[in-house]
Amino acid sequence: MDIVDLRVTEEHKNERIDKFLSTYNEEWSRTQVQQWIKEGIVKVNEAVVKTNYKCQIDDHIVIHIPEPEPLDVVAEEMDLDIYYEDEDVLVVNKPKGMVVHPAPGHMSGTLVNGLMAHCKDLSGINGVLRPGIVHRIDKDTSGLLMVAKNDLAHESLVDQLVNKTVTRRYKAIVHGSIPHDNGTINAPIGRDKTDRQSMTVTNVSSKEAVTHFRVLERFHEYTFVECQLETGRTHQIRVHMKYIGFPLVGDPKYGPKKTLQINGQALHAGILGFIHPRTKEYLEFEAPLPNDFEEVLKEIRLKSQL
């Protein structure tokens, strides 16, 4: 059993406790939190409260989180685009529209479901819902992911991510013509206070975030760029490019509503490099742009020539 101990700060005064707790941890759904409150495992100042309780400054909240019940993730046969595989690691090119790992209420059709049917043996460090998953990319971002097939590989790959030695380069199309050829965005990212489902550049409850970018092509109203991640925060490239005034084309959360015809953000994790956990050899892989991305690029190039 995990015990979570919290103090309510001024910014959450008069906020419903179920809302406060569900936004405190993105893995806790509001329904789950409400169930915990009804079961009496959430206490405020040592007392059981109702789900509509309004938080007050300095409230002491203690949650005794029960051990999760095992969930069976069903293996599903899929035509996965495998770029590399051996006894330790696997590199897969994830298509746009596919979720990386299951979550309650969304237990099928994910990359993990396909991986379980493909290789049977995956590192269990990240738990039953995320076996083998070392890092992830958004549902509507395509591109390369490394997957750990055992705990030795998992620990090595996570250490490389922490030490910023993994090469992760993305291609993106953004609104606007970026005037400089390259740059670095060093701006901390945290959850947006006004929209807890979104991330933003903020100094409040944030983490360091660094993105390097270089211009590949300029057009009248758009720029084709390559972005290299130094850190890997949620929605990092999408948030950073919006922050400097050049949001991604097609981004439903951070971009303008009037945009080019592409389903989801024009973002592709095209280059992935890491040191093999066992052989210590540096491996690097490159996946070409998906068709819809290429079509949008062609459209922009044609318009810019008119």
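**Cores**

I began with the nonpolar cores of this predicted model, and found that the largest of them has 33 residues. Within this core I noted L111, L115, I178, I237 and M241 as the residues with the most contacts inside it. I then looked up which elements build the core, and found that β6, α3 (111-119), β7 (142-148), β8 (167-175), β12 (210-218), β13 (222-229), α5 (236-243) and β14 (267-275) each supply at least two residues. The largest share, four residues, comes from α3.

A second core, separate from this one, has 18 residues, and I listed L21, V44, I63 and I65 among them.

I went back to I237 to see what surrounds this residue, and, leaving out residues up to four places away in sequence, I found that I237 touches Y170, T211, C227, L229, L248 and L267.

**Helix α3**

Since α3 gives the 33-residue core its largest share, I checked how far this helix is covered. Seven of the nine residues of α3 are buried, so the helix is largely enclosed by the rest of the structure. I wrote down the buried ones as L111, V112, N113, G114, L115, A117 and C119. What covers them includes β5 (81-85), β6 and β7. Just after the helix I came to K120, which takes a positive phi of about 65°.

**Helix α1 and its crossing with α2**

I next asked how much of α1 (residues 17-24) is buried. Six of its eight residues are, so this helix too is largely enclosed by the rest of the structure. The buried residues are I17, D18, F20, L21, S22 and T23, and they pack against β1 (2-7), α2 (30-39), β2 (42-44), β4 (60-65) and β10 (189-191). One of these buried residues, L21, is also in the second core.

For the pair α1 and α2, I looked up the geometry, given that two packed helices are described by the angle between their axes and the distance between the axes. The axes of α1 and α2 come within 9 Å and cross at roughly 125°, and I therefore recorded the two helices as oblique to each other. The crossing is right-handed. On the α1 side the contact is made by I17, D18, K19, L21 and S22, and on the α2 side by R30, V33, Q34 and I37. I sorted these residues by character and found four nonpolar, two polar and three charged.

**N93 in β6**

I turned to N93, which sits in strand β6 (residues 89-94), and asked whether N93 is buried or exposed. With a relative accessible area of 13%, N93 is buried, because the cut-off for buried is under 20%. Leaving aside neighbours within four places in sequence, I found N93 in contact with D81, Y83, G143, L144, H268 and A287.

**G264**

G264 lies in the loop between α5 and β14, and I noted that this glycine is buried, at a relative accessible area of 8%. Not counting residues up to four places away in sequence, G264 touches K96, D140, V249, G250 and P252. I also took the separation between the C-alpha atoms of G264 and L248, which are 16 residues apart along the chain, and read 9.5 Å.

**Two loop residues with positive phi**

Most residues other than glycine have a negative phi, and with that in mind I looked up two loop residues.

N45 is in the loop between β2 and β3 (47-48), and its phi is near 50°, a positive value in a residue other than glycine. I found N45 partly exposed at 43% relative accessibility, and, leaving out residues up to four places away in sequence, in touch with D58, D59 and H60. As a check across the model, I looked up N45 and F219, which are 174 residues apart along the chain and whose C-alpha atoms are separated by 59 Å.

K280 is in the loop between β14 and β15 (282-286), and its phi, near 65°, is again positive in a residue other than glycine. I asked whether K280 counts as buried or exposed, and the answer is exposed, at 57% relative accessibility.

How values were computed:
Residues numbered from 1 in each chain as written. Predicted model: local features only at pLDDT ≥ 70, side-chain atom pairs only at ≥ 80, totals over all residues. Heavy atoms only, no water. Buried < 20%, exposed > 50% of the residue type's maximum accessible area, 1.4 Å probe, protein only. Contact = heavy atoms within 4.5 Å. Core = buried A, V, L, I, M, F, W, Y, C linked by side-chain atoms within 4.5 Å. Axes fitted to C-alpha atoms, helices over the stretch in contact; angles between N-to-C directions. Parallel < 35°, antiparallel > 145°, perpendicular 65-115°, else oblique. Left-handed = near helix turned anticlockwise from the far one by under 90°. Nonpolar A, V, L, I, M, F, W, Y, C, P; charged D, E, K, R; others polar.
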